[in-house]
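The following report describes the fold of one protein chain, moving from its overall make-up to its strands, helices and one of its pockets. Please read it alongside the sequence and the coordinates.

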Amino acid sequence: MAATTPRTRRRRPRTGLGDTPTGSRRIAVYVRRSTDDEHQPFSIDAQITALTSYINSQPGWVALPEPFSDDASGASTQRPGLQRALRAARAGRFDVLLVYRVDRFSRRLSDLLDLLAGLDDAGVAFVSATEPFDTSTSIGRMLVQLLGVFAEFERETIIDRVVNGMNAKAAKGKWPGGHRPFGYLVEPQTQKLVPHESEAPILREIVNMYVNQRLGTRAIADALNRRGVSNRQGKKWSGMTIGRILANPVYTGDILYGDVHVADAHPALADRDTWRRVRDIADARADAHNQRAMSDSDYHLTGLITCPYCGSKYIGTSAKGRNRTYRYYTCYSRVRYGAHGCDAPRLDATAMDAATLQALYDFYGNADQLIADAITRAQHHHRETNADRRGELDALETAITAKTAARDRYRTAFENGAMDEADAGPRLRELRAEIDALTVRRDEIADAIEDEPAAPSPATLDRIREHLANVIADGTSAERKATIEQLIAEIRITDDEKVIPVFRVPGPDEAVRAMPVLVGRARLEPSRHQSMSADAATTTHKL
């Protein structure tokens with residue numbers, strides 16, 4: 001395993017489209033199905049069909065093999081398909097991003113402008129198939145901003161109508177919408193809440209266990225799970241779900257929605273005195289928890305340890321003893337569902353944190369040859385796994401060279417008068433499209449092959465050693481946690497209860513300082529033989 005060296009790309013010049021496009025262009029298609037598309041003819045398949053026809057009607061346009069698609073709201077830009085399209089644009093994979101309508105791209109004007117700026121920086125034009133503009137012209141950029149204003153206005157109008165409708169329902173004592181509360185059903189004719197025949201008794205039992213038996217939320221969830229009582233999704237109860245139920249004032253018969261509060265709107269499942277006691281207990285427990293809860297930075301390994309029993313991550317927990325508070329790492333399934341969810345043992349957090357920092361220090365103190373050997377093995381593995389790709393790359397280069405030579409021959413024949421435009425033109429357009437498609441594939445393979453592992457420089461390793469020494473000697477808890485997160489990829493627990501840290505290794509010439517640049521680097525796991533020959537404590541540690 002090894003680090004990769006980031007490659008910088010210069011901004012590519014924009015390929016202008018204008019009214020009469022010339023030359024061939026690589027076209028990426030982006031489609032999105034809106035959350036209310038049951039009322040609109042904009043399904044993903046329909047958009048792809050329309051955009052494919054549009055591309056085929058444009059001379060010199062070559063579509064990328066796969067479109068970028070999302071099935072999500074346009075209110076946010078954090079959509080997987082959109083983010084892949086933006087990364088491909090920055091990598092120079094295409095020249096034009098084509099959408100069916102602007103609102104398929106974004107419904108927020110501010111987001112739209114940011115996205116267009118990103119495409120502009122990448123030298124990529126933005127085109128809508130159903131709206132008369134493209135962003136390679138100044139008037140096109142003006143029109144797209146105007147359309148963005150209308151898209152945002154339409155979105156805000158829809159939101160206002162929905163919110164006003166829900167407020168009006170709540171003011172009449174009706175359920176405003178959304179998931180019904182556990183223990184209730186929504187009566188179809190009146191749209192009011194009525195007790196659920198099988199869930200209401202469970203709700204009352206939850207309240208009784210919390211108020212009269214003084215059980216905590218996780219203990220209540222564990223008790224229900226042991227009896228085989230499932231929640232309304234048919235799944236196990238969690239303390240979080242119980243906590244949400246006990247925080248919902250709907251069970252006193254009230255409807256609360258925004259600024260609307262309607263008392264006695266439906267039958268109560270808990271009287272007001274009992275509910276007041278529920279909230280008093282919850283507030284007291286919250287205060288006590290806040291007073292004894294430790295900062296997240298006090299648990300250096302949260303999220304790094306994988307449970308060998310169920311595969312969940314370990315998180316930091318604490319328990320109050322007679323004389324002090326004990327810190328543990330506990331499987332998330334056990335924290336959420338109790339021992340019924342997972343019976344993996346807890347780990348001593350203080351010992352684990354100290355052992356991990358020491359393992360890092362010891363590893364980097366003797367890491368030069370170990371890292372060099374591991375990088376060599378990783379490079380060999382990379383070359384072996386990319387052998388077929390190198391063969392394909394050579395074949396693509398040969399094909400591109402041959403088709404380029406053929407294109408040049410047609411051009412020469414046309415310029416010398418040996419062929420007229422009717423004969424040479426169609427074949428030149430075919431060759432241009434074929435060359436562009438081959439070039440896209442060649443660039444994809446070349447990028448994958450170029451990501452060969454590279455060893456960190458001696459200066460980088462020296463800076464890491466110095467940083468580790470300073471953090472262990474004088475670092476704050478937050479600094480130690482940040483260091484571990486940036487130099488440890490994960491921590492594995494073996495069947496014989498040994499702890500194996502998997503180290504991250506930086507690329508060449510990476511700065512350390514607080515080391516944020518190390519996040520996301522490739523991992524290096526020393527073999528057991530190598531780690532034991534140096535010092536068994538470096539990578540393994542008996543619990």
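What follows takes the chain as a whole and then goes through selected elements one by one.

**Overall make-up**

The model is a predicted one, and the values below are computed from it. Its protein chain contains 17 helices and 15 strands, and 42% of its 543 residues count as buried. When contacts are restricted to residue pairs at least 6 apart in sequence, 64% of them join residues at least 24 apart.

**Strand β1 and its parallel partners**

Strand β1 covers residues 25-33, and because eight of these nine residues are buried, the strand is largely enclosed by the rest of the structure; buried here stands for under 20% relative accessible area. In general, the strands of a sheet pair through backbone hydrogen bonds, and the pairing may be parallel or antiparallel. With strand β2, residues 61-63, β1 pairs in the parallel sense over three bridges, and within this pairing Ile27 lies opposite Ala63 of β2. Strand β4, residues 96-99, is likewise joined to β1 in the parallel sense, over three bridges, with Ala28 placed opposite Leu97 of β4. Strand β3, residues 68-71, runs parallel to β1 and is joined to it by four bridges; there, Arg32 has Asp70 of β3 as its bridge partner.

The strand pairings treated in this report are set out below.

| Strands | Sense | Bridges |
|---|---|---|
| β1 and β2 | parallel | three bridges |
| β1 and β4 | parallel | three bridges |
| β1 and β3 | parallel | four bridges |
| β10 and β11 | antiparallel | seven bridges |
| β11 and β12 | antiparallel | two bridges |

**The open sheet β10-β11-β12**

Further along the chain, three strands form an open sheet in the order β10-β11-β12, with antiparallel pairing. Its edge strands are β10 and β12, each of which pairs on one side only. Helix α11, residues 349-365, packs on this sheet, where it touches β11 and β12, and its direction makes about 75° with that of β11.

Strand β11 spans residues 325-331, and since five of its seven residues are buried, it is largely enclosed by the rest of the structure. Strand β10, residues 314-320, runs antiparallel to β11 and is joined to it by seven bridges, and the two strands form a hairpin that has four residues between them. Along this hairpin, Thr317 stands opposite Tyr328 of β11, while Ala319 has Tyr326 of β11 as its bridge partner. On the β12 side, where strand β12 comprises residues 347-348, the pairing with β11 is antiparallel and involves two bridges; Tyr329 has Leu347 of β12 as its bridge partner.

**Helix α7 and its cover**

Which residues of helix α7, residues 217-226, are buried? They are Ile220, Ala221, Asp222, Ala223, Leu224 and Asn225. The cover over these buried residues includes α6 (199-211), together with α8 and α10. Just after α7, Gly228 adopts a positive phi of about 80°.

**The second largest pocket**

Two of the helices that cover α7, namely α8 and α10, also appear in the account of a pocket. In general, rolling a probe the size of a water molecule over the atoms shows where empty space is left. The second largest pocket holds about 420 Å³ of space. It is lined by 19 residues, of which Arg232, Gln233, Thr241, Arg244 and Ile245 are the closest to its centre. The elements that give two or more residues to this lining are α8 (239-245) and α10 (332-337), and the largest share, three residues, comes from α8. Sorted by class, the lining of this pocket consists of seven nonpolar, six polar and six charged residues.

**Arg407 in helix α13**

A last point concerns Arg407, which is found in helix α13, residues 387-415. Which residues does Arg407 contact once its neighbours within four places in sequence are left aside? They are Leu428, Leu431 and Ile435. The C-alpha atoms of Arg407 and Arg427 are separated by 8.2 Å, the two residues being 20 residues apart along the chain.

Notes: Residues numbered from 1 in each chain as written. Predicted model: local features only at pLDDT ≥ 70, side-chain atom pairs only at ≥ 80, totals over all residues. Heavy atoms only, no water. Buried < 20%, exposed > 50% of the residue type's maximum accessible area, 1.4 Å probe, protein only. Pairing = 2+ DSSP bridges. 1 Å grid on protein atoms, 1.4 Å probe; cavity = no way out; pocket = protein on both sides within 12 Å on 5 of 7 lines; lining within 4 Å. Points joined across faces, edges and corners; volume = space filled by probe spheres on them. Nonpolar A, V, L, I, M, F, W, Y, C, P; charged D, E, K, R; others polar. Contact = heavy atoms within 4.5 Å. Axes fitted to C-alpha atoms, helices over the stretch in contact; angles between N-to-C directions.
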